[in-house]
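User: Hi! I've just pulled up a new model and would love to go through it with you. Can we look at it together?

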Amino acid sequence: MKNKKLLIIFVLIIFLLTIGIGCREYDNKLDIGYFFKTGPEKAVLDFLQAMENGDPDYIYSNLLQNKDKNKISRDKYIDEFQDILSDIKDIAVKKTVYLGYEGNLSKVVAEFSVTYKNEEVKEYKKYIFSPNDG
């Protein structure tokens, strides 16, 4: 019985890996924990990963709403974001928790630490709101 359960779990893991469900949207790297996150949590994780990688173009292209894109050009957004990101060495996400809806927005709390290039480390707990996709 125990071997049968292990075999079923193993087959399920192989299946998930084969179809790529356990892969992050941002960089397609395997992350089984990502599979179990809600859509809003995945967006937060992708945002933080893009920040760590110094990739404001991904954020602008994939996470910024069209109404916000109309307010700032891609080049200006990327230049300003690159300036902010230039001091960041590493971002380590400790956890994300989906808190449900507040008004018409999804609410996620993210706990993470940022290591700056001067080796200073700061801990953050941020509430992040995003529009519901319906």
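User: To start, how many helices and strands does the chain have?
Analyst: Happy to help! Keep in mind that this is a predicted model. The chain has six helices and three strands. Starting at the N terminus, the order of elements is α-α-α-α-α-α-β-β-β.

User: And what order do the strands take in the sheet?
Analyst: The three strands form an open sheet with the order 1-2-3, and the pairing is antiparallel. Strand 1 (88-102) and strand 3 (121-131) are at the edges with a single partner strand each, so each has one side without a neighbour in the sheet. On average, neighbouring strands are turned by 20° against each other, ignoring direction.

User: Which helix packs on that sheet?
Analyst: That's helix 3, which touches strand 1, strand 2 and strand 3. The direction of helix 3 makes about 165° with that of strand 1.

User: Back to the strands: how many bridges link strand 1 and strand 2?
Analyst: Twelve bridges, in the antiparallel sense, with strand 2 covering residues 105-116. In this pairing, Lys95 sits opposite Glu111 of strand 2.

User: Switching topic, which residues of helix 4 are buried?
Analyst: In helix 4 (residues 56-63), those are Pro56, Tyr58, Ile59 and Tyr60.

User: What do they pack against?
Analyst: The buried residues of helix 4 pack against helix 3 (39-52), helix 5 (66-69) and helix 6 (74-85).

User: Nice. And what share of the whole chain is buried?
Analyst: Of the 134 residues in the chain, 28% are buried. The chain's accessible surface is about 9,100 Å², and carbon and sulfur atoms account for 54% of that surface.

Technical notes. Residues numbered from 1 in each chain as written. Predicted model: local features only at pLDDT ≥ 70, side-chain atom pairs only at ≥ 80, totals over all residues. Heavy atoms only, no water. Buried < 20%, exposed > 50% of the residue type's maximum accessible area, 1.4 Å probe, protein only. Helix = DSSP H or I, 4+ residues; strand = E, 2+ residues; numbered from the N terminus. Contact = heavy atoms within 4.5 Å. Areas by Shrake-Rupley, 256 points an atom, 1.4 Å probe, with all protein chains shown as cover. Pairing = 2+ DSSP bridges. Axes fitted to C-alpha atoms, helices over the stretch in contact; angles between N-to-C directions.
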